[in-house]
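Reader: I should be grateful for a close look at one part of this model, namely the pocket and the strands that go with it. Please set out what can be said about that part and its surroundings, and how far the prediction may be read there.

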Amino acid sequence: MIPACFSSPNTLSNSSQMPQSLITCVYQTQLCNSPVHLTLTWSKTLFSHSLTIYAADTFSITISLYPSTFSFLRNRPGSKSIHLTNQHYQKIKLYWDFTRAEFSESSAEPESCFYIAITSNARVEFFMGDLRDEFTQRSGIAWIRHSAEPTLLSRREHVFGRRNYLTRAQFMGSKHEIGIECGGGVLKVKVNGETSLVVKRLAWKFRGNERIMVGGVEVEFFWDVFNWVNNCGANSSGHGVFVFQVGDGGVWPEMVGPEKRLMRKSLSSSGSSALTPISVSPSPSCSSVLQWAEESSDGGRSSCSSTRSSGSGAGFSLLLYAWRRD
């Protein structure tokens, strides 16, 4: 019965290396006057906290925000010169400062008192954070808003829990709290604490889509809980997939770093007999529900492409991987 399945959920094994928070944001920006999708992955485990910055076929770097749980001192401000692999003789410089960064609850992503900047030829091409004066004083480069303001295309987050999963995301300029509750064969979606959608009889409705309102914005909501409904074994580590899409949606580049390791661990612990169409996809981000969401958009674009054009900024997508654990 479906209630029994949800009362004894699939769990994600606990260990010091399993993420407590894992967030990936994809931005449209420019590097050396060329448009690029810049991926930032924030990862936090029991003993580490890091940021991976990645641009396909261009560069990749991982910054440790805290060298160790047992360290009494936070990292100092840092910088690094990087040669771009796809452009001869082109060089960028990365600056960061998380010395006084403030985080909400257990989130790996800072909310204030930090900055990340990428410069090229004495020009700021990417900037994130609220310490602009500190960056300018340190680098000697003036921050110009129109030249360094990135466009957020998508946010992909791995959330962990038993029955309740919570995140905060920005839709069309305003932040909202998004909650997912799943138990007893019922799925509930809450926005800022208010119930926006209730889906019953998940044994038959394990995949679907509905339109909901988030802060006055119409959002297409897609869900896929096939893993939860069909994998009731104690050793299974099934996950649910949820997409909140505005307009034509965002972009989903290949997973790298901590995300890739998490998905590989899930595959190895689940066993081939328990794999679903979501898990066996060559790219973990290209699940059936994501392809469905893309086909439902006007553009009909492939969700797996990391290079598709999105300069118009006409859409945004929030993707949640919800993992069950004790």
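Author: Strand S12 gives the most to the lining of the largest pocket, supplying eight residues. Other strands take part as well: S1, S8 (110-112), S10 (123-129) and S11 (151-161), like S12, each supply at least two residues of that lining. The lining counts 46 residues altogether, and those lying nearest the centre of the pocket are Glu109, Leu152, Arg155, Gln170 and Lys175. The volume of this largest pocket is about 1200 Å³.

The model is a predicted one, and its confidence varies along the chain. The mean pLDDT is 77, with 72% of the residues reaching 70 or more. Residues 271-286 have a pLDDT below 50, although this stretch has 32 contacts in the model beyond near neighbours in sequence. Residues 298-313 are likewise below 50, and that stretch has 35 such contacts.

Strand S12 also belongs to a sheet. This is an open sheet of four strands in the order S12-S13-S14-S15, with antiparallel pairing. Strands S12 (164-171) and S15 are its edges, each pairing on one side only. From one strand to the next, the twist averages 20 degrees. In general, strands of a sheet pair through backbone hydrogen bonds, in either a parallel or an antiparallel manner. Here S12 and S13 (residues 174-183) run antiparallel and are joined by eight bridges. One of the pairs can be named: Thr167 has Ile178 in S13 as its bridge partner.

At the other edge of the sheet, Leu197 deserves attention. This residue is found in strand S15, which covers residues 194-199. Leu197 has a relative accessible area of 13%, and because this is under 20%, the residue counts as buried. Not counting residues up to four places away in sequence, Leu197 touches Leu187, Lys188, Val189, Glu210, Ile212, Phe221 and Trp223. Of these contacts, Ile212 is 15 residues away along the chain, and its C-alpha atom is separated from that of Leu197 by 7.2 Å.

Strand S1, another contributor to the pocket lining, leads to a backbone feature. Cys32 is placed in the loop between S1 (21-31) and S2 (34-44). Its phi is near 55 degrees, a positive value in a residue other than glycine. The relative accessibility of Cys32 is 9%, so this residue counts as buried.

A further positive phi is found at Asp57, which lies in the loop between S3 (49-55) and S4 (59-66). Asp57 is not a glycine, yet its phi is about 60 degrees. Strands S3 and S4 run antiparallel and are joined by seven bridges. Among the residues paired there, Ala55 has Phe59 in S4 as its bridge partner. The hairpin made by S3 and S4 has three residues between the strands, and Asp57 with its positive phi belongs to this hairpin. At 63% relative accessibility, Asp57 is exposed, because the cut-off for that class is over 50%. Thus the two loop residues are in opposite classes: Cys32 is buried, whereas Asp57 is exposed.

To return to the pocket, strand S12 joins both parts of this account: S12 gives eight residues to the lining, and S12 is also an edge strand of the four-stranded sheet.

Key: Residues numbered from 1 in each chain as written. Predicted model: local features only at pLDDT ≥ 70, side-chain atom pairs only at ≥ 80, totals over all residues. Heavy atoms only, no water. Buried < 20%, exposed > 50% of the residue type's maximum accessible area, 1.4 Å probe, protein only. Contact = heavy atoms within 4.5 Å. pLDDT = per-residue confidence, 0-100. Pairing = 2+ DSSP bridges. Axes fitted to C-alpha atoms, helices over the stretch in contact; angles between N-to-C directions. 1 Å grid on protein atoms, 1.4 Å probe; cavity = no way out; pocket = protein on both sides within 12 Å on 5 of 7 lines; lining within 4 Å. Points joined across faces, edges and corners; volume = space filled by probe spheres on them.
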